[in-house]
Amino acid sequence: MRLATAFFILNQPQGIDMSNDAVKQEQINKAVWNACDTFRGTVDPSIYKDYVLTMLFVKYLSDVYQDHYDNYVAEYGDTPELIEELMKNERFVLPRGSSFYDLHDQRHEPGNGERIDKALHAIEEANIVKLADVFQDISFNSNKLGDEKQKNDILRHILEDFARPELNLRPSRIGKLDVIGNAYEYLIKNFAATSGKKAGEFYTPPEVSELMAEIVDPKEGDEICDPACGSASLLLKCANQIRKGHDGSKNFALFGQEAIGSTWALAKMNMFLHGIDNHKLEWGDTIRNPLLLNENGGLRHFDIVVANPPFSLEKWGVEGAESDPYGRFRRGLPPKTKGDYAFILHMIETMKPKTGRMAVVVPHGVLFRGSAEGKIRQKLIEENLLDAVIGLPEKLFYGTGIPAAVLVFRKDKTDNNVLFIDASREFKAGKNQNQLSDENIAKVVDTYKQRENLDKYAYLASLEEILENDFNLNIPRYVDTFEEEEEIDLMAVQAERKEIEAEIAKLNEQMDGYLKELGYGA
């Protein structure tokens with residue numbers, strides 16, 4: 001049966017098993033990663049990641065739409081007009097000809113790239129409030145995929161990859177939306193691992209995001225913002241904290257801004273794949289043109305602000321900072337070739353006056369560099385905004401091996417102390433990338449909450465002590481991790497040496513005897 005309307009009934013391609021067999025996260029992850037084999041050796045991962053992630057999103061939309069359509073047919077029978085009206089209320093609407101299955105049916109014909117681009121445009125137009133501009137930076141008809149013949153062949157293969165039974169993403173088969181969202185995150189993580197320095201532009205390691213989310217402790221009703229949101233993994237970790245603690249509650253709102261258009265698109269799709277519609281993500285440069293504003297045109301304030309901004313960004317927008325209309329740089333102007341404090345000051349200004357709390361990843365230079373940065377750091381400490389400095393291990397972040405730190409700021413501090421935590425030796429070693437284990441994260445979070453000294457790990461410093469150190473926040477100044485070497489018993493070493501010499505002399509004597517027996521002796 002087909003609908004003779006502007007909307008479609010999806011056609012399942014031959015050979016696709018739509019059974020309701022239970023699915024495991026590992027199966028989905030493996031299947032989507034294997035879909036990348038079509039591109040490997042032909043197209044660079046930094047290019048094909050956007051194609052794979054977008055195709056996963058379209059497949060998800062198509063499977064959900066088909067599943068709901070079939071449910072209506074089972075309930076109401078052959079009533080196409082009624083079903084059409086019901087389908088208009090779907091979370092996402094798919095116009096005729098734009099589904100994954102329409103594209104799959106025509107995969108052997110020329111023009112796959114053009115057809116897919118037209119389908120994306122139609123999907124965007126039909127869901128303009130949610131998907132405006134999401135697909136504008138992606139073109140399946142691009143020459144990046146090779147000449148017309150190669151491009152058509154690659155896209156045929158990718159359509160066939162996503163049509164495999166294990167990538168049947170219908171809700172009646174997979175259940176929770178998190179399975180798809182987790183697969184999306186899995187892809188992004190694997191792309192980050194192979195993207196070199198560019199990885200930091202779109203992804204924060206999940207363990208670091210988890211640590212930061214637990215530190216800021218999101219609550220129901222919180223408004224949470226990441227002004228350098230990348231693919232939104234950090235925002236989603238904060239959302240998960242609330243959902244886990246409150247039986248799946250969606251009583252929160254997520255906000256973000258991202259400067260790179262293709263990465264912003266990933267963030268939007270990531271939100272929808274995790275089942276989160278209560279978000280507002282803006283595309284633009286946070287420092288030069290902040291877009292998360294209140295009704296009066298000022299900076300919007302949030303209960304939680306988190307970010308992993310670019311480390312020491314050289315061209316951060318110093319030209320317009322002196323006349324910043326939002327007063328973000330009233331504590332001082334960051335150096336023109338290092339934008340770390342530009343992001344910190346922006347985030348500080350967007351915290352709610354009473355409930356605001358903030359966690360930001362920074363390179364260690366932020367803790368001790370002098371001149372303009374030293375003056376800004378001093379003012380933030382004197383205002384009693386800085387709550388904790390947490391040193392992280394090296395080789396945690398994709399694209400850089402340097403260790404970093406997390407600065408925690410709060411507007412509701414009850415003392416004027418700063419907690420220093422040295423977690424630099426607490427990690428699970430990997431071949432190319434270190435990780436924070438669950439135990440490592442728990443130790444940091446528990447220590448942060450206890451806010452007490454812990455030998456060779458944490459120290460609660462008073463404002464006076466920080467003043468004595470000239471507002472230098474270098475962690476070794478406060479946390480002594482020096483391990484005294486065990487004293488050496490010289491007399492015992494001498495006795496052991498004599499025993500070894502005697503043993504060697506005995507062995508030499510035996511060897512001489514063996515040589516004489518064999519006729520080699522004098």
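**View 1. Helix 9 and the lining of the second largest pocket.** In this predicted model, helix 9 supplies five residues to the lining of the second largest pocket, which is the largest share. The pocket itself holds about 510 Å³ of space. Of the 21 residues that line it, the ones closest to the centre are Asn 182, Glu 185, Tyr 203, Pro 206 and Lys 237. Look along the walls and you will find five helices that each give two or more residues: helix 1 (25-34), helix 9 (178-193), helix 10 (206-216), helix 11 (233-245) and helix 16 (438-450). Sorted by class, the lining has seven nonpolar, six polar and eight charged residues.

**View 2. Helix 10 beside helix 11.** Both of these helices also contribute to the pocket lining of View 1. Here their axes come within 9 Å and cross at roughly 50 degrees. The two helices are therefore oblique to each other, and their crossing is right-handed. On the helix 10 side, the contact is made by Pro 206, Ser 209, Glu 210, Met 212, Ala 213, Glu 214 and Val 216, while helix 11 brings Ser 233, Leu 234, Lys 237, Cys 238, Gln 241 and Lys 244. You can spot a mix of classes in this contact: six nonpolar, three polar and four charged residues.

**View 3. Helix 9 again, now with helix 2.** The axes of helix 2 and helix 9 come within 10 Å and cross at roughly 175 degrees. Angles over 145 degrees count as roughly antiparallel, so helix 2 is roughly antiparallel to helix 9. From helix 2, try finding Pro 45, Tyr 48, Lys 49, Val 52, Leu 53, Leu 56 and Tyr 60; they meet Ile 180, Tyr 184, Leu 187, Ile 188 and Phe 191 in helix 9. Which classes make up this contact? There are 11 nonpolar residues, no polar ones and one charged residue.

**View 4. Helix 2 further along, where helix 3 meets it.** Helix 2 covers residues 45-76 and helix 3 covers residues 80-87. Their axes come within 10 Å and cross at roughly 140 degrees, and the pair is therefore oblique. The crossing is right-handed. Helix 2 takes part through Tyr 65, His 68, Tyr 69, Tyr 72, Val 73 and Tyr 76, and helix 3 through Leu 82, Ile 83, Leu 86 and Met 87. Nine residues of this contact are nonpolar and one is polar, with no charged residue among them.

How values were computed. Residues are numbered from 1 along each chain as its sequence is written. This is a predicted model: local features need pLDDT of at least 70, side-chain atom pairs count only at pLDDT 80 or more; totals for chains, interfaces and linings use all residues. Side-chain values use heavy atoms; hydrogens and water are left out. Axes are lines fitted to C-alpha atoms, for helices over the stretch in contact, and angles run from 0 to 180 degrees between N-to-C directions. Helices (H or I, at least four residues) and strands (E, at least two) are DSSP runs, numbered from the N terminus. Angles under 35 degrees count as roughly parallel, over 145 as roughly antiparallel, 65 to 115 as roughly perpendicular and the rest as oblique. A crossing is left-handed if the near helix is turned anticlockwise from the far one by less than a right angle, and right-handed if clockwise. Contact means heavy atoms within 4.5 Å. Ala, Val, Leu, Ile, Met, Phe, Trp, Tyr, Cys and Pro count as nonpolar, Asp, Glu, Lys and Arg as charged, and the others, Gly among them, as polar. On a 1 Å grid over the protein atoms alone, a cavity is a set of points where a 1.4 Å probe fits but cannot get out, and a pocket is an open set with protein on both sides within 12 Å along at least five of seven lines; lining residues have an atom within 4 Å of a point. Grid points are joined across faces, edges and corners, and a volume is the space filled by probe spheres set on the points.
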